[in-house]
Amino acid sequence: MWNLQNTYACLNPGLFAHQAPTPVTEPHWVLTNPALAESLGLDPAALNSDELLAVCAGNALPPNSEPLAQAYAGHQFGNFTTLGDGRAVLLGEQLTPDGARIDIQLKGSGPTPFSRRGDGRATLSAMLREFIISEAMHGLGIATTRSLAVVASGEPVYRQQAEPGAVLVRTAASHLRVGTFEYAIRQGGAERVRELADYCIARHYPDCQQAEQPYLALLDAVIQRQAQLIAQWMQVGFIHGVMNTDNMSLCGESIDFGPCAFMDDYAANTVFSSIDQQGRYAYGNQPAIGQWNLARFAESLLPLLAEDQAVAINLAQDALGAYVEYYQQAWVQGMGRKLGLSDATEADRPLIEDWLTLLAQEKADFTNSFRALAGDAASLTELPPQPLFEKAAFTQWKQRWHARLAEQALDRAAAVALMQAHNPQVIARNHQVEHALKAASQFGDLQPCEQLLSHLSQPFICKPGMADYCRPPRPDERVQATFCGT
Ligand code: AMP
Ligand code: MG
């Protein structure tokens with residue numbers, strides 16, 4: 001059952017444009033997400049119905065929808081630009097049975113006033129990629145927008161060549177971005193930013209209302225969530241690829257999966273995105289870029305922090321300074337859990353970093369090497385015959401690690417369980433993703449996508465048939481660059 005509200009449409013009209021989706025000629029279902037439908041309060045069986053298909057394709061509006069395209073700006077690769085939903089519309093906010101308010105957005109739904117020279121459409125392949133990666137993130141327990149369905153439009157879109165077009169139905173706790181605030185301050189000054197900040201607090205950070213300085217509390221809360229999110233990305237080897245400020249969500253969800261990918265062998269300078277020539281958004285740069293983006297958020301909030309600009313800047317700088325602590329704490333604790341430590345502190349940083357250095361030196365697979373350690377701790381499996389595990393440096397490191405494991409209060413079985421719960425068996429390896437996308441968009445074969453999704457939904461447990469998904473790419477399978485392919 002649809003249960004839509006439109007609180008965003010009640011904000012200042014300068015923040016959006018009323019915009020209905022543009023209908024498509026021959027919609028048909030490609031992928032659906034019954035579990036997500038259920039959590040939204042929609043009937044999963046409706047994911048076969050023509051009625052819901054028409055809504056997901058943008059051919060009909062659900063009851064009570066006031067569709068709109070959101071205005072925003074953003075720093076793209078460091079440069080400021082005015083943007084907005086150029087190919088997406090927000091249908092409304094679904095009130096779910098458990099009381100959450102979730103944005104329902106169509107992506108690839110036709111032109112809007114913010115389309116600039118774009119066609120407002122999306123390729124099937126790019127929307128399937130977003131479906132797969134967002135559901136992979138969810139399976140890993142990382143906050144993310146999600147994907148309810150991909151509907152093929154039956155119409156071609158023209159990129160380097162003609163490709164099948166599609167619409168993605170995306171859900172999010174909201175689509176407020178750092179770039180939304182950057183837009184608001186330039187478009188309507190302090191008054192507009194205050195309206196948006198109040199909206200953001202009410203929707204995502206209600207505790208800040210009670211704070212002595214609610215807007216400073218908001219800044220701090222956003223910084224904290226973002227630090228935790230990026231630490232989680234780092235722990236699973238996720239590379240977002242386009243960490244522009246318009247692609248950073250204020251509620252702390254991962255959003256806008258373009259040329260993103262998971263790392264195979266560990267290297268901090270890994271970049272997949274073909275549009276990121278300088279490596280600005282390389283794996284190892286993500287924590288620093290997060291802080292840079294948050295500084296843009298803080299700038300937009302300045303007039304709300306204090307009347308005196310110098311005072312406001314000081315407050316913002318202090319808040320931004322805390323990012324490093326939040327991040328480092330989240331990183332050490334998270335990496336510690338991957339090594340079976342329930343209580344890792346800064347004192348464990350050398351142990352963690354020395355392990356990562358070994359991985360880098362041996363170009364070892366990030367995911368599988370951690371998983372092999374879990375097997376070693378459990379004494380269930382011999383360490384696999386990889387060069388890494390045969391090195392004297394590894395043997396020495398392993399002694400330090402075992403000694404540290406023995407020191408903690410947690411017993412060995414619990415430490416192993418901790419490792420198994422924080423080290424996925426399966427990640428969305430780029431070669432597997434590309435293979436699945438190719439099968440779907442070139443041959444109409446959805447089985448590889450569905451199989452991959454089924455493993456990604458429970459990435460921490462052993463399942464029959466998963467071996468091939470755990471395997472790093474052979475040299476000939478290696479994906480060197482991921483094109484935006486939007
Ligand atoms: P992205 O790189 O996907 O985060 O998109 C950056 C901006 O470009 C956003 O404002 C998008 O709405 C817009 N955009 C991307 N592709 C298209 C398209 N095909 N048509 C219109 N706008 C687009
Ligand atoms: Mg974007």
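**Entry 1. Two non-glycine residues with positive phi**

I began with Lys-363, which sits in the loop between helix 8 (349–362) and helix 9 (366–378). The model is a predicted one, and I kept that in mind throughout. For Lys-363 I read a positive phi of about 50 degrees, although the residue is not a glycine. Is Lys-363 buried or exposed? Its relative accessible area is 62%, and Lys-363 therefore counts as exposed, the cut-off being over 50%.

I then turned to Phe-77, where phi is near 50 degrees, again a positive value in a residue other than glycine. Phe-77 belongs to the loop between strand 5 (73–76) and strand 6 (79–82). Its relative accessibility is 27%. Phe-77 is partly exposed because this value falls between the limits of 20% and 50%.

**Entry 2. Helix 7 and its ends**

I next looked up helix 7, which covers residues 309–338 and has 30 residues. From its first C-alpha to its last, helix 7 reaches 44 Å, close to the 44 Å expected at 1.5 Å a residue.

Which residue caps the N-terminal end of helix 7? I found Asp-308 in that role, with a side-chain oxygen 2.8 Å from the backbone nitrogen of Ala-310. Just after helix 7, I noted Gly-340 with a positive phi of about 85 degrees.

**Entry 3. Surroundings of ligand 1**

I listed the shell of ligand 1 and found 17 residues around it. The closest are Gly-84, Gly-86, Asp-119, Gly-120 and Asn-247. How many residues of each class are in the shell around ligand 1? I recorded 2 nonpolar, 7 polar and 8 charged residues.

I then checked side chains for N or O atoms by the nitrogen atoms of ligand 1. Asp-119 has a polar side-chain atom 2.9 Å from a nitrogen atom of ligand 1. For Arg-87, an N or O atom of the side chain is 3.2 Å from a nitrogen atom of the ligand. For Arg-159, the corresponding distance to a nitrogen atom of ligand 1 is 3.4 Å. On its own, ligand 1 has 480 Å² of accessible area, and the protein covers 82% of that area.

**Entry 4. The magnesium ion**

Which residues coordinate the magnesium ion, ligand 2? I found Asn-247, through OD1, and Asp-256, through OD, at 2.0 to 2.2 Å. Asn-247 is also among the residues closest to ligand 1.

I looked up the accessibility of both coordinating residues. Asn-247 has a relative accessible area of 13%, and Asp-256 is likewise listed at 13%. Both are buried because the limit for that class is under 20%.

**Entry 5. Ser-65 and Tyr-72**

Where does Ser-65 lie? I placed Ser-65 in the loop between helix 2 (50–57) and strand 4 (68–70). Ser-65 is buried, at a relative accessible area of 14%. A polar atom of the Ser-65 side chain lies 2.7 Å from the backbone oxygen of Leu-91.

Tyr-72 is in the loop between strand 4 and strand 5. Its relative accessibility is 8%, and I entered Tyr-72 as buried. I also noted that Tyr-72 and Gly-179, 107 residues apart in sequence, have C-alpha atoms 5.3 Å apart in space.

**Entry 6. Two strand residues at 0%**

I looked up Leu-106, which lies in strand 8 (residues 101–107). Leu-106 is buried, with 0% relative accessibility. The C-alpha atoms of Leu-106 and Gly-58 are separated by 7.4 Å, and these residues are 48 apart along the chain.

Last, I turned to Phe-238 in strand 12 (residues 238–239). Is Phe-238 buried or exposed? Phe-238 has a relative accessible area of 0%, so I recorded this residue as buried. Phe-238 and Pro-67 are 171 residues apart in sequence, and their C-alpha atoms are 32 Å apart in space.

Note on methods: Residues are numbered from 1 along each chain as its sequence is written. Chains are lettered from A and ligands numbered from 1 in the order in which they are written. This is a predicted model: local features need pLDDT of at least 70, side-chain atom pairs count only at pLDDT 80 or more; totals for chains, interfaces and linings use all residues. Side-chain values use heavy atoms; hydrogens and water are left out. A residue is near a molecule or strand if one of its heavy atoms lies within 4 Å of it. A polar contact is a pair of N or O atoms within 3.5 Å; within protein, one must be able to donate a hydrogen and the other to accept it, and residues adjacent in sequence count only if both atoms are side-chain atoms. Accessible areas come from the Shrake-Rupley method with a 1.4 Å probe; for residues, only the protein chains shown count as cover. Ala, Val, Leu, Ile, Met, Phe, Trp, Tyr, Cys and Pro count as nonpolar, Asp, Glu, Lys and Arg as charged, and the others, Gly among them, as polar. Donors are N, O and S atoms within 2.8 Å of the metal (3.2 Å for Na, K and Ca); water is not among the atoms, so sites may look incomplete. Buried means under 20% relative accessible area, exposed over 50%, partly exposed in between (1.4 Å probe, protein chains only). Helices (H or I, at least four residues) and strands (E, at least two) are DSSP runs, numbered from the N terminus. The expected span of a helix is 1.5 Å times one less than its number of residues.
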